[in-house]
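Open the model in your viewer and keep the selection tool ready. The tour goes from one selection to the next.

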Amino acid sequence: MKSRPTSCSLKRFKRTSLESSKKRNIGCVSIKSSFVVVSLLLVAALKWKTMPQSIGSLRPSIVYDNANIGSSRNADQRFVIFSGSNSAEFIKVQNDLTTWSQHYKIHPWKFAYPDVSPTMYNKTQASGPLIKSLSYLNTGVSKEKFNFNRIKKLEADHLVETFTDAFIHRWLQGGNILMGSTKLNLILDNVNGDCLLKGFLKTMPWNDPKYDLKGSVDSLEVVIIHRSNHIEHLKSIWASSKQEKSESFSHWLINEFDFDEIDSYRMALKLIRNGISVSFVKVDVLQHDDQNDLTHFIACNILNIECDGNRVIGLEESGETIELPDDLDIDLNDEMLNQVEEVIKSYEGQRSCLENDQNVNVWVYPTRRSRTTSASCHFQNEKDLSLRDEVMKVLESNI
């Protein structure tokens with residue numbers, strides 16, 4: 001005779017059955033959840049595979065109403081680039097113009113900087129990172145698989161794209177754009193210079209295919225600040241760039257300095273052969289006083305800012321002052337320095353016809369004289385020119 005289950009055993013049976021059912025349900029939920037997670041990961045992977053693989057593709061795009069773009073465009077807009085060496089006088093001009101534009105003293109001129117992480121870019125670097133990024137992207141190193149640095153390429157792509165966006169944004173506002181660079185001489189590189197210049201021109205706002213913006217290479221102008229006293233210029237660059245007191249002037253000149261940085265005539269030749277206008281500012285005497293200031297000179301004569309005499313209205317005081325150390329230890333005697341000066345002047349004298357090109361406007365500071373002519377200058381390939389080779393002949397034969 002079978003015994004009947006007690007109430008306690010029934011309760012245990014029901015509880016055991018209920019717990020088993022819960023476990024089975026939990027197992028089903030876990031399996032379903034895992035399936036959902038795996039499915040989401042597969043979808044995400046497929047989307048990532050079809051996305052452009054660059055940091056720049058992850059940035060928010062500038063969105064404008066194309067129907068209203070026309071009201072923001074100005075056929076007379078200008079894009080002016082200041083090209084010079086890493087010397088005290090060029091740094092002064094760049095700093096002055098940056099400060100003045102921030103305080104709307106030279107409206108409608110303004111520098112266009114990208115809005116990116118400070119770890120990637122700082123405004124004090126000006127356009128240097130843009131030129132360096134373009135240089136990297138157009139070198140064989142970035143394209144060879146065995147030397148391919150993917151992270152560096154992504155960062156370079158991102159900087160180029162964000163600079164381009166900044167240029168477009170400013171252009172759509174109807175304002176003029178300023179840009180300063182101590183690295184534009186990289187376009188003189190015999191191997192990658194042409195590609196670098198083409199890459200830079202693609203960043204111009206009128207070349208962006210997304211917007212029908214007015215402008216062309218005729219809107220672009222490069223201002224080359226040229227020092228007539230080359231030895232003083234070299235001293236200024238050395239004083240501004242040297243990191244250690246132990247580095248001698250001669251060692252820096254022979255082993256460290258890139259003479260393309262002061263090869264103004266070769267730079268002008270490269271630019272005009274690509275249809276870009278040049279303003280050649282010849283600084284005969286680096287004079288800064290109550291009557292003369294290089295930044296005011298440029299603002300009044302090239303940027304066409306409203307001036308009272310030789311001062312921008314509202315900025316009658318001078319900008320930053322140029323102070324070089326008085327105790328520069330130059331380890332080359334006067335005879336050698338004079339030889340270097342003569343070699344550079346001879347090199348430039350053979351190419352001075354560039355000043356007569358129809359795309360070159362010459363200004364002489366501080367006399368405020370300018371001239372343009374319609375004559376053309378015919379030259380061999382600019383890659384055949386080398387200021388460094390000429391100077392090295394002098395230095396290496398005497399040191």
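Which element gives the largest share of the lining of the largest cavity? Select strand E4 (220–227): E4 supplies four residues, the largest share. Strands (E, at least two residues) and helices (H or I, at least four) are DSSP runs, numbered from the N terminus.

Some ground rules. This is a predicted model, where local features need pLDDT of at least 70, side-chain atom pairs count only at pLDDT 80 or more, and totals for chains, interfaces and linings use all residues. Residues are numbered from 1 along each chain as its sequence is written, and side-chain values use heavy atoms, without hydrogens or water.

**Stop 1: the largest cavity**

Stay with E4 and add helix H9 (264–272); these are the elements that give two or more residues to this lining. A cavity is a set of points on a 1 Å grid over the protein atoms alone where a 1.4 Å probe fits but cannot get out; lining residues have an atom within 4 Å of a point. The space is about 120 Å³, a volume being what probe spheres set on the points fill, with points joined across faces, edges and corners. Of 17 lining residues, Ser-83, Gly-84, Glu-261, Ile-262 and Ser-264 lie nearest the centre. The lining has five nonpolar, eight polar and four charged residues. Here Ala, Val, Leu, Ile, Met, Phe, Trp, Tyr, Cys and Pro count as nonpolar, Asp, Glu, Lys and Arg as charged, and the others, Gly among them, as polar.

**Stop 2: the second largest cavity**

Select Phe-111, Tyr-113, Phe-163 and Phe-167, which are among its lining residues. About 50 Å³ of space lies here. E3 gives the most, three residues. No charged residue lines this cavity; eight are nonpolar and two polar.

**Stop 3: the largest pocket**

Now select Gln-125, Gly-128, Lys-132, Thr-182 and Lys-183, the closest to the pocket centre of 35 lining residues. A pocket is an open set of points with protein on both sides within 12 Å along at least five of seven lines. Its volume is about 890 Å³. Twelve nonpolar, 14 polar and nine charged residues line it.

**Stop 4: two helices**

Select H2 (residues 88–102) and H10 (residues 294–301): their axes come within 9 Å and cross at roughly 60°. Axes are lines fitted to C-alpha atoms, for helices over the stretch in contact, and angles run from 0 to 180 degrees between N-to-C directions. H2 and H10 are therefore oblique to each other, that is, outside the ranges under 35 degrees (roughly parallel), over 145 (roughly antiparallel) and 65 to 115 (roughly perpendicular).
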